[in-house]
Amino acid sequence: MASLARPLPLADTADALRAGRLDLEAHVEAALSRVEETQPDLRAFVPEPGRAARVRAEVAALRARWPDPDVGGPPLFGALLGVKDIIAAGGLPTRAGSALPADLFAMPEATAVSRLRRAGAIVLGKTVTTEFAYLEAGATANPHDPRRTPGGSSSGSAAAVAAGIVPLALGTQTIGSVLRPAAYCGVVGFKPSYGRVPSDGVLPFSRSIDTVGAFTQDAAGAALAAAALLDGWTPAAAPTGRPSLGVPRGPYLDQAETEGLAAFERALARLDAAGFRVIEVEALADIQAVNERHTDLIAAEFADVHRAWFAEWGALYRGGSAGTYDRGRGVSAAARAAGLAGRAELRDALTRRMAAAGIDAWISPAAAGPAPLGLEATGAPWMNLPWTHAGLPAVALPAGTVEGMPVGVQVVARAGDDERLLAWALDIEAALR
């Protein structure tokens, strides 16, 4: 397994490239070499014939547009970007980790990719996803231990950032597909409020839930990426001062593994010692019902998306995808309606609980524990599910290790408070280091 690289994080990389302290062409060539070096063991990127020629052409176009980037250059000038392979990027096919013909998924470039390209990012390539962004794992390994999963479904994106190949990668989350792999790989994952990043150009899993998110090496990078990605980004609205953090005690937190919960308690102790106000709050007593209605809803919407494709190409679907399609077809209209209504109900209930307890954000483990052994599955997403169901913004931050493997916490704010969440994340990240 190639050793982990520790290049400059996103904000520092873009600053150095704009100022000429880091040579753009040399930076890109090193990344192209790094993809090839890591591909046999890590397999973060989808194989791409002609990758080098395409990327060099993007570099030349960026140079032509911004010959003097130090004067008014875009914020992400020359930053290399990985794009999860359910998200359309011009010049590259979308395969969605499946054996189906790629032309079935042909779409115009996603707004998320176009916004990052306009901000100066260069697409290094498509990153590996689980099949249709759900259960069936791709080939990517965890950069910290190739015997372990990197998480999913945004497997390649998390691994590519953790391995130092790119400082920024796009993922999507329908249950825990950004926050969990970020925790497993020891990087920052940001899932915005539902609807704040347009989802056009993204192969749908569940249109009522799917959210485009990002992986970076640190919280400053997540904020820089969010400023380019999110509708209505207003950094002036970000507050000063530390948030009060609520720990949702009860059945939800009991879903964490013993070692994961112990690591979480150690993280809380560090935050308390750093002066954060950490408040225990009874919450999510009905988590099993929330889990069930969310799973029913996304399965039903998955079946909507795949009905015509499955009729023709069903034999090419792997077992987990086929099973999800079958489950979705059996979801009743009443169960689907309950899932849709439950989203707003949970969001309102959590918001009321925050106000009553005097907390600004929730904090909980970003995964049940460290990345499990094996590449056949991508780990349990239950720690992320309620926040995704409610459409709340969440950020996963590294929070130590368990037996040498990364673990993380997730911090969750009120809907629409993405700017505030990422401002708070800077202080929380510093306290957890």
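Glu403 is exposed, with a relative accessible area of 72%. The model described here is a predicted one. Glu403 sits in the loop between strands S9 and S10, and although it is not a glycine, its phi is positive, at about 50 degrees. The hairpin formed by S9 and S10 has 2 residues between the strands. S9 and S10 run antiparallel and are joined by 7 bridges, with Ala396 standing opposite Gln410 in S10.

This hairpin belongs to an open sheet of 10 strands with mixed pairing, in the order S2-S1-S3-S5-S4-S9-S10-S8-S6-S7. Strand S2 (122–127) and strand S7 (277–282) are the edge strands, each pairing on one side only. On average, neighbouring strands are turned by 30 degrees against each other when direction is ignored. Helix H4 (residues 111–118) packs on the sheet, where it touches strand S1 (80–84), S2, S3 and S5. The direction of H4 makes about 160 degrees with that of S3. On the other side of the hairpin pairing, S9 (residues 394–402) is joined to strand S4 (residues 188–191) by 3 bridges, and these two strands run antiparallel. Here Lys191 stands opposite Ala394 in S9. S10 (residues 405–412) is also antiparallel to S8, to which 4 bridges join it; in this pairing Pro365 stands opposite Val409 in S10.

Gly358 is placed in the loop between helix H11 (333–357) and strand S8 (361–365). With a relative accessibility of 38%, Gly358 counts as partly exposed. Apart from neighbours within four places in sequence, Gly358 is in contact with Ser244, Arg277 and Ile279. The C-alpha atoms of Gly358 and Val281 are separated by 9.9 Å, although the two residues are 77 residues apart along the chain.

Helix H1 (residues 10–19) contains the buried residues Leu10, Thr13, Ala14, Ala16, Leu17 and Arg18. An α-helix has 3.6 residues a turn, so residues three or four places apart point the same way. The buried residues of H1 pack against two helices, H2 (24–38) and H7 (219–229), and against two strands, S3 (168–173) and S5 (211–216). Gly20, just after H1, takes a positive phi of about 85 degrees.

A second helical contact is made by H9 (residues 287–313) and H10 (residues 319–329), whose axes come within 7 Å and cross at roughly 105 degrees. H9 and H10 are therefore roughly perpendicular to each other. H9 contributes Glu292, Thr295, Asp296, Ala299, Ala300, Phe302, Ala303, His306, Arg307 and Phe310, which meet Ser321, Ala322, Thr324, Tyr325, Arg327, Gly328 and Arg329 in H10. By class, the residues of this contact divide into 7 nonpolar, 5 polar and 5 charged.

Gln255 lies in the loop between strand S6 (244–249) and helix H8 (258–273). A polar atom of the Gln255 side chain lies 3.1 Å from the backbone oxygen of Tyr252. The side chain of Gln255 also makes a polar contact with the side chain of Asn291, at 3.0 Å. Beyond residues up to four places away in sequence, Gln255 touches Ile287, Gln288, Asn291, Ala368, Trp382 and Met383.

The loop between S2 and helix H5 (155–162) holds Thr149. At 1% relative accessibility, Thr149 counts as buried. Not counting residues up to four places away in sequence, Thr149 touches Asn142, Tyr184, Ala371, Pro372, Gly374, Leu375, Ala377 and Thr378. Ser153 is likewise placed in the loop between S2 and H5, and a cis peptide bond with omega of about 10 degrees joins Gly152 and Ser153.

Most residues other than glycine have a negative phi, and most peptide bonds are trans. Arg43, which is not a glycine, has a positive phi of about 55 degrees. Arg43 is found in the loop between H2 and helix H3 (51–65) and is partly exposed, with a relative accessible area of 24%.

Conventions:
Residues numbered from 1 in each chain as written. Predicted model: local features only at pLDDT ≥ 70, side-chain atom pairs only at ≥ 80, totals over all residues. Heavy atoms only, no water. Buried < 20%, exposed > 50% of the residue type's maximum accessible area, 1.4 Å probe, protein only. Contact = heavy atoms within 4.5 Å. Axes fitted to C-alpha atoms, helices over the stretch in contact; angles between N-to-C directions. Parallel < 35°, antiparallel > 145°, perpendicular 65-115°, else oblique. Nonpolar A, V, L, I, M, F, W, Y, C, P; charged D, E, K, R; others polar. Polar contact = N/O pair within 3.5 Å; in protein donor to acceptor, adjacent residues only side chain to side chain. Pairing = 2+ DSSP bridges.
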